Amino acid sequence: MLSERERERYKRQILLFGEEGQEKLKKSRIFIAGAGGLGCPISLYLAVAGIGTLTVVDRDVVEQTNLNRQILHYDRDIGKKKTVSAGEKLREINPDIRVNVIDTTIDETNVLRLVGNADGIVDAMDNFPTRYLLNEAAINKKIPLFHGAIRGLYGQATTIIPGKTGCLRCIFPNAPPKEVFPVVGVAPGFIGMVQATEVLKYLLGSGELLANRLFLWDGMRSHGEEIAVTRNPGCMACGTMRKRTRKKP
Amino acid sequence: MRHHEEENEEETMKVKVRFFAQFGELLGTDIIVEPVSGTVLSGLIKEIAQRNKDGYNAIFDEKDTFREFVILMRNGKRVDTIDAVTTKVADDDEIAVFPPVAGG
């Protein structure tokens, strides 16, 4: 049940998806991998939207060079764990939700335990090896993976529904090389909002997801487009999964 | 039949090649080319990419094969870069070449 305060807090979006929709969000648990350029805006907007439980995982400490884009971390937070900094802000901006923060490195030994009983995984990572682990966890748990990545003013996003859509390995079988990537905050801000919108639609069971659609954004030209993607039957990650219909939370 | 094919070889087609992200910065975003009949996908992209050394090196390795992360699409359908050496382009094709981005 929503409290009186929650009814007020979410009044303007309850106009859009009703108290029933808001209840669904309240009961939902979303796992956010990363509290950086993508993770900050995503967790911020999912927090104010009233996702009942957010789990944010990161291993890093706030550095000065993060501050042009990682908007949950302030100048005074330099040197602080990103999870601590993010947790403080998220709890402050919405005390009506539960925020779990975990300060660790996601690896193959802990990924399933960390994701736990989440309804979906948000990919807010900055590298493909960890993304592939999240992809495998999503396939294992049959929950969606909301993928996003950026570089400079470019970005890409897609929503992976295991068994139904191509997985991250189907779409990107090989990781691009590692680099210190250029980035301006608006790019992860923009792509993060695409991912957060996908999360909300998935949880509400409404709208049309970026399923089997890879969205590409060119901020320099203000040009967005999408490319159709499909499952690869020989995919090393999801090739053996049976086709399935979308599971509603 | 043979005669017809020979005739076709003299004809040109119009193919649109679109480079995304870094590839587009180095090589241009939308390029219209008129390849001769029988041109394969890899040959077409190599020819265009040779206009800019950095652009070429971003897409191809020292052995002149596609870097493994490069994604190729032909008319909205994925083409494995291994198959690009045998895939012939056709009139009105739209080819997309892009690198996944990895930052977050």
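# Cysteines, contacts and salt bridges in a predicted model

Me: Hi! How many disulfides are there over all chains?

Reply: The structure holds 0 disulfides over all chains, a disulfide being a pair of cysteine sulfur atoms within 2.5 Å. A quick note on the basics: this is a predicted model, where local features need pLDDT of at least 70 and side-chain atom pairs count only at pLDDT 80 or more, while totals for chains, interfaces and linings use all residues. Residues are numbered from 1 along each chain as its sequence is written, chains are lettered from A and ligands numbered from 1 in the order in which they are written, and side-chain values use heavy atoms, with hydrogens and water left out.

Me: OK, what about A:Cys235, which cysteine sulfur is nearest?

Reply: That of A:Cys167, 3.6 Å away, and A:Cys235 is in no disulfide. A:Cys235 counts as buried at 7% relative accessibility; buried means under 20% relative accessible area, exposed over 50% and partly exposed in between, using a 1.4 Å probe and protein chains only.

Me: And why no bond for A:Cys238 with A:Cys170?

Reply: Because the two sulfurs are 3.4 Å apart, too far for a bond, even though A:Cys170 has the closest cysteine sulfur to A:Cys238. A:Cys238 is buried too, with a relative accessible area of 1%.

Me: Switching topic: how many residues from each chain make the contact between A and B?

Reply: Chain A brings 30 residues and chain B brings 20, with contact meaning heavy atoms within 4.5 Å. Together the two chains bury about 1,900 Å², 58% of it on carbon and sulfur atoms. Buried area here is the accessible area (1.4 Å probe) that two parts lose on being put together, summed over both.

Me: Which residues of chain B lose the most area to chain A?

Reply: B:Val101, B:Ala102 and B:Gly104, which together account for 30% of what the chain B side buries.

Me: Nice. How many salt bridges across that interface?

Reply: The rule finds 1 between chain B and chain A. In that kind of pair, a side-chain nitrogen of Lys or Arg lies within 4 Å of a carboxyl oxygen of Asp or Glu. B:Arg18 forms a salt bridge with A:Glu225, their closest N and O atoms being 2.6 Å apart.

Me: Which element gives the most to the chain B side?

Reply: H2(B) does, with 3 residues on the side of chain B that touches chain A. Helices (H or I, at least four residues) and strands (E, at least two) are DSSP runs, numbered from the N terminus.

Me: Beyond the interface, how many salt bridges over all chains?

Reply: The count comes to 25 over all chains. One of them joins A:Lys26 and A:Glu6, with the closest N and O atoms 2.9 Å apart. This pair links distant parts of the chain, 20 residues apart: A:Lys26 is in helix H2 (residues 11–27) of chain A and A:Glu6 in helix H1 (residues 4–9).

Me: Are those two buried or exposed?

Reply: A:Glu6 counts as buried at 4% relative accessibility, whereas A:Lys26 is partly exposed at 30%.

Me: What does A:Asp77 pair with?

Reply: A:Asp77 forms a salt bridge with A:Arg76, the closest N and O atoms being 3.9 Å apart. A:Asp77 is buried, with a relative accessible area of 0%, while A:Arg76 is exposed at 59%.

Me: Any example within chain B, say what B:Lys16 pairs with?

Reply: B:Lys16 forms a salt bridge with B:Asp30, at 3.9 Å between the closest N and O atoms. B:Lys16 lies in strand E1 (residues 15–19) and B:Asp30 in strand E2 (residues 30–33) of chain B, so the pair ties together parts 14 residues apart in sequence.
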